[in-house]
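Grab a coffee and open the structure viewer. Below are some short exercises, each with a worked solution to follow at your own pace.

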2 protein chains.
Amino acid sequence: MDEAREVVVLRYGHRPGRDDRMTTHVGLTARALGADRVVFPDNAGQSAETVREVTDRFGGPFDAELRSDQAAVVRGFDGVVVHLTMYGERMQDVEADVREAVGAGRETAAGGAARDLLVVVGGEKVPWALYERADYNVAVTNQPHSEVAGLAVFLDRLFDGAELEREWAGADRSVIPEATGKTVVDARETDDDAAGDGADAESGPAGDR
Amino acid sequence: MDEAREVVVLRYGHRPGRDDRMTTHVGLTARALGADRVVFPDNAGQSAETVREVTDRFGGPFDAELRSDQAAVVRGFDGVVVHLTMYGERMQDVEADVREAVGAGRETAAGGAARDLLVVVGGEKVPWALYERADYNVAVTNQPHSEVAGLAVFLDRLFDGAELEREWAGADRSVIPEATGKTVVDARETDDDAAGDGADAESGPAGDR
């Protein structure tokens, strides 16, 4: 979202079939809430395809990549690594530290250089080495809930809400916010004529599988 | 979360099999992020059972209910109805209005009485009547992503982060936040001896199906 810094979301582990929708939702949430890129395990090709289709239709830039060795991506990452886990430190206690470490938001003014950020979202059991490699193990509550929910709250707080103002490039279509209505317009045209193609994107992720 | 006001999350529609995990995650997210109760369609019994099991283990109060007619629950709700939809008004534009309508957070001081809040999360296609009945159709971005992510960000902003400080009653166990570690203690005892039973709750919702 910020040209000076890349925010990457890594989905750690994926069980084809069982995890398809959760992995897709991790990717779509990463895109919608300000990350620049998502990295999936290479057995999550269908989720990557869905995220790319949504990006083609609703805009970017946003990349969905497949990588075979998640552990190597984490080990080799040149930047700050945050691992989201219910066993970690409370987000409200460490979020200012994380923002300062990456040079985000208000803390940027303090003078630190922007650093890339890898946000690791667990799927199947993650290895102990990940807890040790992570610069921050962060808990969005120490309660069991949803990796998608944890990612969403983390990104919203990381960007301090600025991600909601993001503009999208290269979109075929866009939704016009309305008090009561469903209006999707052709984003390739300069006027705001409703394209009337909202039906396939109703209530929930378009192309969600 | 607040004794003077009840926040209820309604999952609208559920396709057994396909939606099981998403519906479970809606319920667990509602619980973890400060809602008092979740209402599922009556074909989502397995999700309700999982949410109740987590509440038994990690504490409450939190209720998971099954109701056959979601439309009737919405129509008959005595309070404010928020429908989360990518076609709605931008959350950042209406969140202060929603808080004021229910008498939450800082706006409570202004003197309005607390009102109950129903947060409707779409599953399969929702009827047009829901858009009309809702006091607010709210979009957590006008992008397709995840109903779980939308719910999470909405609740975190509704409660202004206070939900993260919630204490849990009647828990069998609780997680101790740690920079590097996984420590689960027996919450029924007064001391903090690690119970060593973290293995079954690792990385993701305990009892998630």
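## Exercise 1: Ring pairs

Over all chains, the count comes to two aromatic pairs. Keep in mind that this is a predicted model.

**Task.** Work out whether the rings of Trp128(A) and Tyr131(A) are stacked, edge-to-face or tilted.

**Solution.**
- Start with the distance: the ring centres of Trp128(A) and Tyr131(A) are 5.1 Å apart, and their planes sit at 20 degrees, so this pair is stacked. The cut-offs you need here are centres within 6.5 Å for a pair and planes under 30 degrees for stacking.
- Now place the two residues: Trp128(A) and Tyr131(A) both belong to helix α5 (residues 128–133) of chain A.
- Their spacing is three residues, about one turn of the helix.

## Exercise 2: A salt bridge across chains

**Task.** Find which residue of chain B meets the side chain of Arg157(A) in a salt bridge, and say where both partners lie.

**Solution.**
- A search of the whole structure turns up 24 salt bridges over all chains.
- Between chain B and chain A, the count is six.
- Pick out Arg157(A): its side chain meets that of Asp156(B) in a salt bridge, at 2.8 Å from N to O.
- This pair crosses between chains, running from helix α6 (residues 147–158) of chain A to helix α6 of chain B.
- As a reminder, side chains of opposite charge can pair when their charged atoms come close.

## Exercise 3: Sizing up the interface

**Task.** Describe the contact of chain B with chain A by residues, area and polar contacts.

**Solution.**
- Count the residues: 65 come from chain B and 65 from chain A.
- Next, the area: about 5,600 Å² is buried between the two chains, with carbon and sulfur atoms giving 56% of it.
- Then the polar contacts: 23 residue pairs, both residues at pLDDT 80 or more, link chain B and chain A this way.
- See which elements take part: those giving two or more residues to the chain B side include α1 (20–32), α2 (45–58), β4 (80–90) and α4 (91–102) of chain B.
- Finally, sort that side of chain B by class: 28 nonpolar, 18 polar and 19 charged residues touch chain A.

## Exercise 4: Relating the copies

**Task.** Work out what kind of rotation axis relates the two copies.

**Solution.**
- Lay chain B on chain A: a turn of 180 degrees with a shift of 0.0 Å along the axis gives an RMSD of 0.0 Å.
- The two copies are therefore related as by a two-fold rotation axis.
- Check the surfaces: 100% of the contact residues of chain B recur in chain A, so the same surface serves both copies.
- To find the axis from chain B, go to Ala149(B), the residue of that chain that comes closest, at 2.4 Å (C-alpha).

## Exercise 5: Backbone oddities

**Task.** Locate the cis peptide bond in each chain, then look at the phi of Thr141(A).

**Solution.**
- In chain A, a cis bond joins Gly60(A) and Pro61(A), with omega about 0 degrees. Pro61(A) sits in the loop between α2 (45–58) and β3 (63–67).
- In chain B, the peptide bond from Gly60(B) to Pro61(B) is cis, with omega near 0 degrees. Pro61(B) is in the loop between α2 and β3 of chain B.
- Thr141(A) isn't a glycine, yet has a positive phi of about 70 degrees. Look for Thr141(A) in the loop between β6 (136–139) and α6 of chain A.

Conventions. Residues numbered from 1 in each chain as written. Chains lettered and ligands numbered in written order. Heavy atoms only, no water. Contact = heavy atoms within 4.5 Å. Buried area = accessible area lost by both parts, 1.4 Å probe. Salt bridge = Lys/Arg side-chain N within 4 Å of Asp/Glu carboxyl O. Polar contact = N/O pair within 3.5 Å; in protein donor to acceptor, adjacent residues only side chain to side chain. Helix = DSSP H or I, 4+ residues; strand = E, 2+ residues; numbered from the N terminus. Nonpolar A, V, L, I, M, F, W, Y, C, P; charged D, E, K, R; others polar. Least-squares fit on C-alpha atoms with pLDDT ≥ 70 in both. Phe/Tyr/Trp six-rings, centres within 6.5 Å; stacked < 30°, edge-to-face > 60°.
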